[in-house]
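This report describes how two chains meet and how parts of one chain are arranged. Please consult the structure shown here while reading.

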Amino acid sequence: MINKYKFSTYVMRFFVYVLLFFLLIVTIIPIWLLIVNATRSTTEIQQGLSILPSSHMIENYNILIGRGLNLPRGFANSLFLAIASTVVTVYFSLLTAYGLVVYQFRGRKLISNFIIVLVMIPLQLSIIGFYRFMSKIGLTDNYLSLILPLLANAGAVFFGKQYFESMLIQDLIDAARIDGASELGIFHLVMLPLAVPGAATLGIFAFVASWNNFFNAFILITSLQKYTLPMLVQTMRGDVYRTEYGAIYLGLAITIVPIIIIYAIFSRYIVSGIALGAVKE
Amino acid sequence: MKIAMFKKIPTGYLFLTPFIIGFLIFGLYPVLNTLGLSFTNTTVMSSVHKFIWFDNFKSLFKDHVFIRAVGNTWLIWMLNFIPQVGIAMFLSVLFTSARLKVRAIGTWRALFFLPNLLMPAAVAALFNALFAYYGPVNQFMVRAGFMSEATRFLESILVTRGLVVFIQWWMWFGQTIIILMAGMTSIPITLYEAAMVDGASVWQMFRRITLPLLKPILIFIFVTSLVGGMQMFDIPFMLTDGRGSPLSSIQTNNILMYMKFASSKGHIGLASSVGVMVFIMTTVCALGIFYFLRDRDLGDKQPKRRLSIKKNTERSQS
């Protein structure tokens, strides 16, 4: 009886690993092909499939740049925008979340619930009204139109609130008050340094969200000089690169690989962050 | 103490001020602005515009374009959501199983989650390249003898829709696993022990313990996925020509809105009415599901037992 149970467990385990390896291949193969093809010349790519890298990356890069696509500029733009977005999101979300968790005031519960509702509202669909508003005050084609809305990032506030609720040390706040620190001073000098792990998680998500953001930038940014990477990916589909497969793969790889590197370093924070943002409602 | 309480009142608001101002200006006002514009015939080119009541909405329903876009969006979302939750649920059960003891769960999860972080626009462009006429998929299929000649995959409705569904699934099933597992591990183990003593089967335990207690999390996944799915843009836009080809089969709500906005005249009014319709549809569905399902119990056959389970979870969650 026991042996039969053990045997069937082994069989089940075997099939579970087969399934997991299958899913792993499905998950990885598109990314792997992308990276491999980015290093192969267009001729090699047309000749056939390979799962091993080649040596034409520099060549592909020169083709990519040589046809007028300012990839370094796009990379710098994306990086600047992502860093600015991260700073604004992390600071203001934690500020709001801290205010909601620490202080008692009328409407606190209402605002907390309202933030949950905001998470569930498709605000992106008001982009046309937003575009019109921005063009009236002269902020179209300006990164501010992509950064300022992050002052009220409901999802990030929700995460920050969960985080502060799980860590808050009321005694520390009281001690700082007795030492004569102002309320904002307590937040800046005592709580923010303590909240670094949460801020890091939040920051990674904000960075990735900004780095990948295509739709809003596509509508609001118009001059080529200010194009971000996803917008350059969009222009890469044009006729100029139609047959330059190697260059296209390399262009895509350049947008994707930095995120893979960030993930390789911070995956622990990211995975735990997702769980924290969802569980407990 | 009283003075301290009095002093605390304005401070809370002080911390919330940036959020509230930011929300009013960049969140609420654009929504109202979009609503206002949807009743006008505003274009990008002209500064004068007229109030035309519901004409935009009427014209939306007059041709089949809008209905088709909404239908496409729902179809693509549902075809991705059902297998996404199904497979994620299955894997979560395997990962949390005390009997199987799967190794390196953290690594598996981390790898399955990876596609979620990649730029959707670049991912769609990648699949466009992979499934191109001279792309690797055609090469592989022909060389391996599965097909006699190369196919124009991206001109087939079935393949393009299938690809959008697959990409969405590929990008989101890993995240769903992480969320579901977080929910499953928060269920007190004593419940399963008690059920095992009573001789419950694995399926019974899943059906009677895991599923009911995961309800809030399932609602969370459902609602956030729905809201995201109704705004799907990057992937169908970048996979083909940006108009939802072939035959508009992957033209989603947002692509339609963008096409109205970017048309030669720039019909801002009409584009706004698309946004308003989808906004209302999505918000009503999302909030409706959230509020109607949130506090009710599943089924009403055995109230006593469920009551005790509920008490347990409340204790474990607090």
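## Chain contact and helix packing

In this predicted model, the contact draws 69 residues from chain A and 76 residues from chain B. On the side of chain A that touches chain B, several helices each supply at least two residues, among them helix H1 (2-38), helix H4 (71-102) and helix H11 (196-212). Helix H14 (245-278) of chain A is also one of these contributors. H14(A) provides the largest share of that side, namely 13 residues.

The residues on the side of chain A that touches chain B comprise 48 nonpolar, 14 polar and seven charged.

Within chain A, H4(A) packs with H11(A). Two packed helices are described by the angle between their axes and the distance between the axes. The axes of H4(A) and H11(A) are 8 Å apart, at an angle of about 140°. Angles over 145 degrees would count as roughly antiparallel and 65 to 115 as roughly perpendicular; H4(A) and H11(A) are therefore oblique to each other. Their crossing is right-handed.

The residues that make this contact include the following.

| Helix | Residues in the contact, among them |
|---|---|
| H4(A) | A:Ser78, A:Leu81, A:Ala82, A:Ser85 |
| H11(A) | A:Ala199, A:Leu202, A:Gly203, A:Ala206 |

The residues of the contact of H4(A) with H11(A) divide into nine nonpolar, seven polar and no charged.

The domain assignment of chain A gives domain 1 (2-63) and domain 2 (69-236). Between the C-alpha centres of domain 1 of chain A and domain 2 of chain A, the distance is 36 Å.

How values were computed. Residues are numbered from 1 along each chain as its sequence is written. Chains are lettered from A and ligands numbered from 1 in the order in which they are written. This is a predicted model: local features need pLDDT of at least 70, side-chain atom pairs count only at pLDDT 80 or more; totals for chains, interfaces and linings use all residues. Two residues are in contact if their C-beta atoms, placed from the backbone, lie within 7 Å. Helices (H or I, at least four residues) and strands (E, at least two) are DSSP runs, numbered from the N terminus. Ala, Val, Leu, Ile, Met, Phe, Trp, Tyr, Cys and Pro count as nonpolar, Asp, Glu, Lys and Arg as charged, and the others, Gly among them, as polar. Axes are lines fitted to C-alpha atoms, for helices over the stretch in contact, and angles run from 0 to 180 degrees between N-to-C directions. Angles under 35 degrees count as roughly parallel, over 145 as roughly antiparallel, 65 to 115 as roughly perpendicular and the rest as oblique. A crossing is left-handed if the near helix is turned anticlockwise from the far one by less than a right angle, and right-handed if clockwise. Domain bounds come from an automatic or database domain assignment.
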